[in-house]
Amino acid sequence: MMAPMNSTNIHQSPFVRACWGQPVPYPPVWFMRQAGRSLPEYRQVRADLPMLESCRRPELVTEITLQPVRRHRVDAAILFSDIVVPLAAAGIDLDIVPGVGPVVADPVRDAAAVAALPRLDPDQVGYVADAVALLLPELKDTPLIGFAGAPFTLASYLVEGGPSRHHERTKALMYGAPQVWHALCARLAEITLTFLRVQVGAGVAAVQLFDSWAGALSEADYREYVLPHSTAVLGGLAGAGVPRIHFGVGTGHLLPAMAQAGADVVGVDWRTPLSEAATAVGPDRAVQGNLDPAVLFAPWPAIEAQVRRIVAEGASAPGHVFNLGHGVLPATDPDILTRVVALVHEVSAG
Ligand code: CP3
């Protein structure tokens, strides 16, 4: 008999169990940015469709989300979408430019621009709920991760007008007009929470809040300018019954604060060993990570040694979800990713 497709199976999946710090037969593994990027079958179905348009087509989102699950046998799927999807859906004029990233037509740099920011109506992202509904029966026992951008990272794109190395305009607003900054982040927290609630309502098994660029701040500034807003998002999902993963890059010094924001799982990049991260986030939280995505370009024996080290270091946390320390780089050989999944499963069994 076929296993029933119900949420009981998802809750007992190695991924969800590891997120809650429950015993698992092996560390579950998935890869940030596994959907798209390095897969030829992704490039084929995307063809000439613009990124944002692709995110609005539930059948296409379903296919792209499933591709890495089929190919690599990862333990979780992540919804194909982008952190700027809810901003565009709310009516902010922006685009995702190939090879560049999100570009905002009218950067948000003063009180008037912040006051003019729209709210997100759940119906404006109905296509995301539709995609989740299509995905659940296809995924069967494989959990689906929903996600959103955290207020600081979204604010950086809105204030800079696009990707930024130093976040100088963002910091100028943050330090120069703290009230405007807090109003901006409060609005972004609302949009993000609405977006995540739509995904949870549609049935995702976990959510990840991406604060990719939060590592640009000192701990004191993170606590003052960012933590209250990320806490509003994660705290707003406290009773939702799904694990909350909170991730950033270069955040070794921020791990305790990011855990405090209300994370069940804290994402760790490759600069901090997982054993150290586990101590930093405290005994009640799992960790996720942390293979350097650039290591995947090294010869296999070097990759294998690092994977084994990370599995061993992750064992010191109550729960460990194996992942990269940041997203899959576009030129990564997909076969190497498949091999890493098999190795993680095998190392722990052995
Ligand atoms: O993880 C997954 O596979 C799910 C899909 C996903 C995308 N973006 C698809 C995407 C996720 C989780 C994201 C999150 C995202 N988007 C983040 C946080 C994660 C991180 O990497 O730090 C950020 C900062 C963005 C903003 C963004 N969108 C960037 C920097 C880029 C890359 C620009 C480029 O072309 O290199 C995008 C575009 C984007 N998002 C692509 C994909 C598959 C590439 C679009 C394309 O193929 O044309």
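## Exercises: aromatic rings and ligand contacts

A search of the whole structure, a predicted model, turns up 5 aromatic pairs.

**Exercise 1.** Classify the ring pair F210 and F247 as stacked, tilted or edge-to-face.

Solution.
- The ring centres of F210 and F247 are 5.9 Å apart, and rings pair if their centres lie within 6.5 Å.
- The planes of F210 and F247 stand at 80°, and planes over 60 degrees apart count as edge-to-face.
- The pair is therefore edge-to-face.

**Exercise 2.** Locate F210 and F247 in the chain, and decide whether each is buried or exposed.

Solution.
- F210 belongs to strand β5 (residues 206-210) and F247 to strand β6 (residues 244-247).
- With their positions 37 residues apart, the pair links distant parts of the chain.
- Buried means under 20% relative accessible area. F210, at 12%, therefore counts as buried.
- F247 has a relative accessible area of 0%, so F247 is buried too.
- F210 and F247 also form one aromatic cluster with F147.

**Exercise 3.** Find what sits over the ring of W300.

Solution.
- The charged end of R339 takes this position, 4.1 Å from the ring centre of W300.

**Exercise 4.** Describe the surroundings of the ligand, then its polar contacts with R33, R46 and H326.

Solution.
- The ligand is surrounded by 25 residues, the closest being R33, A35, D82, S212 and H326.
- R33 places a polar backbone atom 2.7 Å from a ligand oxygen atom.
- R46 uses a polar side-chain atom, 3.1 Å from an oxygen atom of the ligand.
- For H326, a polar side-chain atom is 2.6 Å from an oxygen atom of the ligand.
- The ligand taken alone exposes 870 Å², of which the protein buries 89%.

Methods:
Residues are numbered from 1 along each chain as its sequence is written. This is a predicted model: local features need pLDDT of at least 70, side-chain atom pairs count only at pLDDT 80 or more; totals for chains, interfaces and linings use all residues. Side-chain values use heavy atoms; hydrogens and water are left out. Rings of Phe, Tyr and Trp (its six-membered ring) pair if their centres lie within 6.5 Å; planes under 30 degrees apart count as stacked, over 60 as edge-to-face and the rest as tilted. Helices (H or I, at least four residues) and strands (E, at least two) are DSSP runs, numbered from the N terminus. Buried means under 20% relative accessible area, exposed over 50%, partly exposed in between (1.4 Å probe, protein chains only). A charge sits over a ring if NZ of Lys or CZ of Arg is within 6 Å of the ring centre and within 35 degrees of the ring normal. A residue is near a molecule or strand if one of its heavy atoms lies within 4 Å of it. A polar contact is a pair of N or O atoms within 3.5 Å; within protein, one must be able to donate a hydrogen and the other to accept it, and residues adjacent in sequence count only if both atoms are side-chain atoms. Accessible areas come from the Shrake-Rupley method with a 1.4 Å probe; for residues, only the protein chains shown count as cover.
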